[in-house]
Amino acid sequence: QVQLVESGGGSVQAGDSLGLSCAASGLNFGSTIMAWFRRAPGKEREFVGGITWDGVNAYNGDSVQGRFTISRDNAKNTLYLQMNSLKPEDTAIYYCAAETDFYVGTQDHEYAYWGQGTQVTVSS
């Protein structure tokens with residue numbers, strides 16, 4: 001059974017930093033495309049970042065470019081998202097996603113496995 005469990009969410013002030021983690025089990029993590037998505041109140045899920053199975057290629061969505069960094073540690077079966085210079089508009093539920101593919105997709109329908117999400121709230 002595939003499980004993705006996010007952690008590290010919380011409430012912070014604008015300009016602060018926060019790190020999220022996603023612990024994966026039940027899949028061959030080293031051969032899996034991983035990604036972060038988020039859903040803000042009243043909005044659709046948005047691509048935050050994705051990373052290839054070997055960690056060589058990483059991509060960020062336009063809204064977080066230059067502020068967020070995605071990475072992975074295959075030895076620990078863990079995906080990370082380092083969020084810096086947080087803004088109130090970053091407030092959302094952040095989801096970890098996985099797919100056995102050869103490229104990083106930016107649409108949520110391209111991912112088969114999802115975590116339950118972790119809440120990030122940024123106050124001004």
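Trainee: Which backbone oxygen does the side chain of Thr78 reach, and at what separation?

Mentor: In this predicted model, Thr78 lies in strand E8, which covers residues 78-83. The polar contact made by the Thr78 side chain goes to the backbone oxygen of Lys76, at 2.8 Å.

Trainee: Is Thr78 buried or exposed?

Mentor: Leaving out residues up to four places away in sequence, Thr78 touches Ser21, Cys22, Phe29, Arg72 and Asp73. Buried means a relative accessible area under 20%, and because the value for Thr78 is 11%, this residue counts as buried.

Trainee: Where is Gln65 placed, and is it buried or exposed?

Mentor: Gln65 belongs to the loop between strand E6 (58-60) and strand E7 (68-73). Its C-alpha atom is separated by 8.8 Å from that of Val48, a residue 17 places away along the chain. A residue counts as exposed when its relative accessible area is over 50%, and since Gln65 has 53%, the answer is exposed.

Trainee: Which side chains of strand E11 point to the buried face?

Mentor: In a regular strand the side chains alternate between the two faces of the sheet. Strand E11, residues 118-123, shows such an alternation, with Gln119, Thr121 and Ser123 pointing to one face and not buried. The side chains that point to the other face, and are buried, are those of Thr118, Val120 and Val122.

Trainee: Which residues of E11 are the bridge partners of Ser11 and Tyr94?

Mentor: Strand E2 (residues 10-13) pairs with E11 in the parallel sense over 4 bridges, whereas strand E9 (residues 92-99) runs antiparallel to E11 and is joined to it by 3 bridges. Within E11, the partner of Ser11 is Thr121, and the partner of Tyr94 is Thr118.

Trainee: Which residues touch the most other members of the largest nonpolar core?

Mentor: This core has 26 residues, and strands E3 (18-25), E4 (33-39), E5 (46-51), E7, E8, E9 and E11 each supply at least two of its residues. Apart from it lies another core of 7 residues, including Ile33, Phe37, Ala97 and Val104. In the largest core, the members that touch the most others are Met34, Trp36, Leu81, Met83 and Tyr94.

Trainee: With which residues is Leu81 in contact, leaving aside its neighbours within four places in sequence?

Mentor: Leu81 is among the residues that touch the most other members of the largest core, and two others named in that group, Trp36 and Tyr94, are also on its contact list. The full list is Leu18, Gly19, Leu20, Trp36, Val48, Phe68, Thr69, Ile70 and Tyr94.

How values were computed. Residues are numbered from 1 along each chain as its sequence is written. This is a predicted model: local features need pLDDT of at least 70, side-chain atom pairs count only at pLDDT 80 or more; totals for chains, interfaces and linings use all residues. Side-chain values use heavy atoms; hydrogens and water are left out. Buried means under 20% relative accessible area, exposed over 50%, partly exposed in between (1.4 Å probe, protein chains only). Two strands pair if DSSP finds at least two bridges between them. A polar contact is a pair of N or O atoms within 3.5 Å; within protein, one must be able to donate a hydrogen and the other to accept it, and residues adjacent in sequence count only if both atoms are side-chain atoms. Contact means heavy atoms within 4.5 Å. A nonpolar core is a set of buried Ala, Val, Leu, Ile, Met, Phe, Trp, Tyr and Cys residues joined through side-chain atoms within 4.5 Å.
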